[in-house]
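Student: Hey, got a minute to go through a model with me? I'd like to talk about its packing and its rings.

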Amino acid sequence: MKFRPAFVLGGLVLATIQIACAQGASMNLPTTVEAGSAFSIQTTGSGKAVLYIVGPGQALKSDVQLGEATSFPAGYLYNAGHYLAILVGPSSTDQGSFNVVPAHPPSNLAFFAKPSRLPVGRHNGISGTVYVFDAYRNLITTPTNVSFELSNPSGAVQKHTVVTQNGVASTAMDSTAKEGISTFKAQVDGVFSTRVVEQVPGDPC
């Protein structure tokens, strides 16, 4: 049976619940839930109960029937982090925790390239840094390959592949021997972001 959760203020939830020894009502929590995915929580016991879920920037409340699974549709939990679940039954209370992890595949990149203008012929003169996010703007901290590509005015292309550490990947490229506009691109699993770098004959003004 599915129940429609209602959003509540996390502070009010924690302030009004007295945690008791859990013997009647209990629940079986998932270890992890991928951000934005559907999930369910199985309960035991009989009668009516209230389930509270509180985590980073989110809180849910659901009326449940003990002994049945409570289903949460996709999109209800989307902030990655550690969550507390509290089941308040007619005669007992149970609590536990689980983690919401970033969704896959990556969906957004924050790409920073500098400088935007520099002289030609500079070794490692152009740097790029990428932060990898899921569709809910959670930083994906699992190692992920990031492909960097710098296309120079002469037609030459520099390519580097870097594995992220804690969601971040950085690289450095040489400025070309020929002045003009270069295209600097970062790509992860078909998601890409592009920056433009101008290369000039001498020192920039």
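Tutor: Sure, we'll take the ground rules, then the core, then the rings. This is a predicted model, where local features need pLDDT of at least 70, side-chain atom pairs count only at pLDDT 80 or more, and totals for chains, interfaces and linings use all residues. Residues are numbered from 1 along each chain as its sequence is written, and side-chain values use heavy atoms, leaving out hydrogens and water.

Student: Which residues touch the most other members in the largest nonpolar core?

Tutor: Ile41, Leu51, Ile53, Leu77, Leu87 and Phe98, out of 22 residues. A core here is a set of buried Ala, Val, Leu, Ile, Met, Phe, Trp, Tyr and Cys residues joined through side-chain atoms within 4.5 Å; buried means under 20% relative accessible area, exposed over 50%, partly exposed in between, with a 1.4 Å probe and protein chains only.

Student: What about another core?

Tutor: Another one, of 17 residues, lies apart from it and includes Leu109, Phe111, Ile126 and Ala169.

Student: Switching to rings: how many aromatic pairs are there?

Tutor: Eight in the whole structure. Rings of Phe, Tyr and Trp (its six-membered ring) pair if their centres lie within 6.5 Å; planes under 30 degrees apart are stacked, over 60 edge-to-face, the rest tilted. Phe111 and Phe184 are edge-to-face, at 5.2 Å centre to centre and 75° between the planes.

Student: Are those two buried or exposed?

Tutor: Both Phe111 and Phe184 are buried.

Student: And why is Phe112 with Tyr131 called edge-to-face?

Tutor: Because their planes sit at 85°, with ring centres 6.1 Å apart. Phe112 is exposed at 51% relative accessible area, while Tyr131 is partly exposed at 31%.
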